[in-house]
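Hi,

Here is the structure I promised to pass on. Have a look through it first, and my notes on the backbone follow below.

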Amino acid sequence: MMKDNYILYGSAPSWATAKVRSYMRKQCIPFVERPPGDPRFAEKIMPVVMRNIMPVLETPDGTIIQDTADIIDYFEHKTGTNDEKVLLPATPESGLIRALTHFFDMCCYDALLRPVLYFRWNFPDDNLEYVKNEFSSTYLPPDADEKAKEQMFEWARTVTASFAKNVGVNAESIPLIEASYSELLQLLVEHFKGQPYLLGGRPTYGDYGLIASLYAHLYRDPYPAKLMRQQAPEVARWVERMSGPGQYLWDHPDSTEDLIADNAVPDTLKNLMRYFAEEYLPEITAHAIFANDWLDARPELEPGTSGLVHLTGVLGRVEFDWRGIKLKTSVRMYNFYMLQRFQDSVEAASESEQQAIQLLFEETGLSPLLKLKTHRRVEREKHLEVWGADLRSVQ
């Protein structure tokens, strides 16, 4: 067990913070959580990460790590004495299962932003006062007056409304978002009846991607919380299972920490993969095409730079077909970083494992994802996404 406290800068209403908080709790890693309203965040952390962004981890030796995937990687790949090893490794040994966990990490973390933002901000009678209180406690001191709280909340709501638009929440898409989320809940219900976690007896990267989307918004905000408990109590129990250090396996009394076998991928998991083939494959495909056109228009772009004025990692917006309508969403460099992590896990698998991955992804309508690439890799330098060298020039 790690001996010294880590500092996690994040907040309860933050979806990304939930991913790291869950991981650290499951591993019994001692940490304290501080909100971005803490003076130290503005004084010491923001000058390093260059953005008002959550979560950020400060290690006992002063190292600062920003980004959920990078933070979890830090713990997963630490080497040394036994007390530095995590209790429940999130990295499967099997190449196929490892590819699956990075697939779900990518999809759950990004493709579910539409229901995340829709359900928080479109039910004010249920959610408004709760969310307002949450944001006040995150960004303001306890003695802040009502005027300061209102100003801060209106700023947060304005920023989030723009974000919601950029992930495709609009009048036409709302009925489809509701139907899509209901479909996902039922698929998860059926899966969690048979497995305590996505890939078997312990959480892996995919579970931590999913908890990001489910915990802060869909499990805690009053309206979607009621919806989840009424329609999908098995999913609510999974959220609780992911929120503490124990395994909480009372509904899976015979479970071990073993993950599913390569030759025993359950149909319930394949159904979840088919869901993301419809939900996310058209979007990430359109984004990659847009990104390649964007890169081709900038042949002079230096490796190690983003080519962007603002530090958002957003290249622009692109339209694609989604569940029978046209949807327009922001193209973010970070999406390709997560896609690469999945593809890197496939490439690291043995030849026989790669064949099994190919067959499984063909069966579930996801085989295009295996070869979908941008002309440059997305790298992370100084806590920001930047472009690497043109892959076509180094092949």
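Helices and strands here are DSSP runs, with at least four residues for a helix and at least two for a strand, and they are numbered from the N terminus. Keep in mind that this is a predicted model.

With that numbering, P55 sits in the loop that links helix 2 (39-49) to strand 3 (56-58). The thing to look at there is the peptide bond from M54 to P55, which is cis, with an omega near -5°.

Two other loop residues caught my eye for their phi angles. D67 isn't a glycine, yet its phi is positive, at about 115°. You'll find D67 in the loop between strand 4 (64-66) and helix 3 (68-76). Is D67 buried or exposed? With a relative accessible area of 5%, D67 is buried, as the cut-off for buried is under 20%.

R323 also isn't a glycine and has a positive phi, near 50°. R323 belongs to the loop between strand 5 (314-322) and strand 6 (325-332).

Then there's helix 9, which covers residues 205-219. Helix 9 has a kink of about 35°, centred on I211. What span should its 15 residues have? At 1.5 Å a residue they should span 21 Å, and the end C-alpha atoms are 19 Å apart, so the two agree. Helix 9 is also mostly covered, with 15 of its 15 residues buried.

That's what I have for now.

Cheers

Key: Residues numbered from 1 in each chain as written. Predicted model: local features only at pLDDT ≥ 70, side-chain atom pairs only at ≥ 80, totals over all residues. Heavy atoms only, no water. Expected span 1.5 Å × (residues − 1). Bend = angle between axes of the 7 residues up to and from the residue. Buried < 20%, exposed > 50% of the residue type's maximum accessible area, 1.4 Å probe, protein only.
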